[in-house]
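Biologist: Please show me the model. I would like to go through its binding sites and pockets with you.

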Amino acid sequence: MKYDAIVIGAGPGGYTLAAGLAASGLHTAIVERDLPGGTCLNRGCIPTKALCASGSAPWDSATEHARSVVAQLRDDVKASLTAVEWIPGDARLLPGRRISVGDGEIESDRIYIATGSAPAALPIEGAEHAIDSTAFLKLEKLPERVAVIGAGVIGLEFASILADKGVDVTVLEYCKEILPPADKDVAKRLRSLLSRRGVAFLTGVAVKAIHPGFSIDYEGKKGLATLDTDMVLMAVGRRAVVPEGVAEAGVELTPRGFISVDPHTLATTAEGIYAIGDCNGLCMLAHAAEAQARVLLGRPVVMEAMPSVVFTHPPCAWVGPTEDALKAEGRSFISGKALYGGNGKAMADGTTDGFVKVLADPETRKILAFHILGADADALIGEATLAVALGVSLNTLASAVIHPHPTLTELLATACANCR
Ligand code: FAD
Ligand code: NAD
């Protein structure tokens, strides 16, 4: 059977693209070996956010809530694909833009790979004793103590959920500071706020081995040490999931195993074959996968203004470069801060921990970045992203645009007014 377009993988990248291609009149098929929605819906963004929102509610009711939200959204994804032919099964690439699925074969002049990613594991003794985020979401009950390896986004979101549930959590991180891609002020303050909520951090440590039972051998500044725990969660990054047959089809991989693409066109090294989302390793976020799908649908997207949110309590979010990244580029900048402690709404709500920081170009006074830690950072980053994407000036956001009072959005305006 020949289609106008075939998409492999029905995660946020694949289902957005397939629905858009079909809406533009192309006879489109999507091949999926699991459930609609991919990692994001079934074992990523959505179940974890439902758990983050469950606070101190018991684990069984929290996971039940997560399952029901996922089931409702899965129906929405299915509904968005009514004009797309759903082909269940494992897709394998064949030369000549053909794909085998089960006993059948399909072909198209345009093939889009959106096969996502899977948890990575450290190459250390006893790595098999650790569980990953997928297994963690299936736990029926929580242990008393959990050790989390990796203070990245997954490690911190799970540590925050576990702290809410009263679990004794220790996070071990290889780098000197938690959350390496975040602004250093944000990471430092977040570490202190999570520590206050009972999360213990061991930073600048290399995990050497995991023993059944469980104990972790790690090496820090003071040499080798051991941590006893009841469960080990490994959250040290994710690796690409790549369909079988890529090499035969002429699709090259990067040295780290991601599908190599041109970052502008998302074309692979094989003519007519594209790769979007986690599997190309450009940016492993659901909205990045969706944005790449929109690029392939021919829509304009401001990729440079990619927001990130970490749904800890409190959350943090950012858009644009960090101070360190600007310094490394040798680029001059000015910065301004607004403290939640000085904002009327934050005081009224009792959410005074945190700050908004803006970075701007000293010549043009255009906003380059926002780094936010505090209540509703996940919502505030929307306006911040618009400002960065449109190259809005400090003055426009601080003064020309009216912010309702009393709201946390005034923090963005205050940070801009304080930027000098
Ligand atoms: P995926 O969502 O991984 O989908 C790929 C699909 O391809 C899967 O359904 C898979 O079954 C299918 N597939 C793979 N190989 C084949 C094959 N050979 N044949 C047929 N089908 C195949 N991102 C955010 O932006 N916000 C968050 O809050 C967030 N939270 C997360 C929490 C966790 C615990 C995790 C693990 C991830 C989280 N992410 C979050 C990241 C987000 O889930 C991914 O960036 C996103 O799912 C990537 O979308 P995708 O379409 O590239 O791939
Ligand atoms: P990550 O890359 O964010 O963090 C991994 C962490 O593990 C890093 O801090 C790294 O320094 C640390 N690490 C690596 N080796 C180590 C070692 N030997 N010992 C101790 N620490 C070690 O990866 P992740 O947290 O697994 O998340 C994977 C992807 O999923 C990320 O790209 C993220 O963008 C995405 N995700 C996003 C969200 C969100 O947007 N809210 C939530 C969850 C996951």
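Biologist: Which residues lie nearest the centre of the second largest pocket?
Modeller: This is a predicted model. The second largest pocket has 15 lining residues. Nearest its centre lie Asn42, Arg43, Arg67, Leu137 and Lys138.

Biologist: What is the volume of the second largest pocket?
Modeller: By class, its lining has seven nonpolar, three polar and five charged residues. The space of this second largest pocket comes to about 330 Å³.

Biologist: Which element gives the most to the lining of the second largest pocket?
Modeller: At least two lining residues come from each of α2, α3, α4 (59-80) and α5 (133-137). One of these gives the most, with six residues: α4.

Biologist: Which domains each supply at least three residues of that lining?
Modeller: The lining of the second largest pocket draws on two domains, at least three residues from each. They are domain 1 (2-118 + 238-296) and domain 2 (127-234).

Biologist: Now to ligand 1. Which residues come nearest to ligand 1?
Modeller: The shell around ligand 1 holds 39 residues. By class, 17 are nonpolar, 14 polar and eight charged. Those that come nearest are Glu32, Thr39, Lys49, Ala91 and Asp278.

Biologist: Which side chain has an N or O atom 2.6 Å from an oxygen atom of ligand 1?
Modeller: Take the other polar contacts before this one. Gly13 uses a polar backbone atom, 2.9 Å from an oxygen atom of ligand 1. Asp90 places a polar side-chain atom 3.0 Å from a nitrogen atom of the ligand. The side chain at 2.6 Å from a ligand oxygen belongs to Thr39.

Biologist: How much of the accessible area of ligand 1 does the protein cover?
Modeller: On its own, ligand 1 has 1,000 Å² of accessible area. The share covered by the protein is 94%.

Biologist: Which element gives the most to the shell around ligand 1?
Modeller: Elements that give two or more residues are α1 (12-23), β3 (28-32), α2 (38-43), α3 (45-52), α6 (153-164) and α8 (286-296). With four residues, the top contributor is α2.

Biologist: Why does ligand 1 lie between domain 1 and domain 2?
Modeller: Look at where its shell comes from. Ligand 1 lies between the two because residues of its shell are given by both domain 1 (2-118 + 238-296) and domain 2 (127-234).

Biologist: On to ligand 2. Which residues come nearest to ligand 2?
Modeller: Around ligand 2 there are 23 residues. By class, 15 are nonpolar, four polar and four charged. The ones that come nearest are Ile154, Glu157, Glu173, Gly237 and Val309.

Biologist: Which side chain has an N or O atom 2.6 Å from an oxygen atom of ligand 2?
Modeller: Two backbone contacts come up as well. A polar backbone atom of Val153 is 3.3 Å from a ligand oxygen. A polar backbone atom of Tyr174 is 3.2 Å from a nitrogen atom of ligand 2. The side chain at 2.6 Å is that of Glu173.

Biologist: How much of the accessible area of ligand 2 does the protein cover?
Modeller: The accessible area of ligand 2 on its own is 850 Å². The protein covers 78%.

Biologist: Which element gives the most to the shell around ligand 2?
Modeller: Domain 1 (2-118 + 238-296) and domain 2 (127-234) each supply at least three residues of that shell. By element, α6 and β11 (168-173) each supply at least two. The one that gives the most, with four residues, is α6.

Notes
Residues numbered from 1 in each chain as written. Chains lettered and ligands numbered in written order. Predicted model: local features only at pLDDT ≥ 70, side-chain atom pairs only at ≥ 80, totals over all residues. Heavy atoms only, no water. Near = heavy atom within 4 Å. Polar contact = N/O pair within 3.5 Å; in protein donor to acceptor, adjacent residues only side chain to side chain. Areas by Shrake-Rupley, 256 points an atom, 1.4 Å probe, with all protein chains shown as cover. Nonpolar A, V, L, I, M, F, W, Y, C, P; charged D, E, K, R; others polar. Domains from an automatic or database assignment. 1 Å grid on protein atoms, 1.4 Å probe; cavity = no way out; pocket = protein on both sides within 12 Å on 5 of 7 lines; lining within 4 Å. Points joined across faces, edges and corners; volume = space filled by probe spheres on them.
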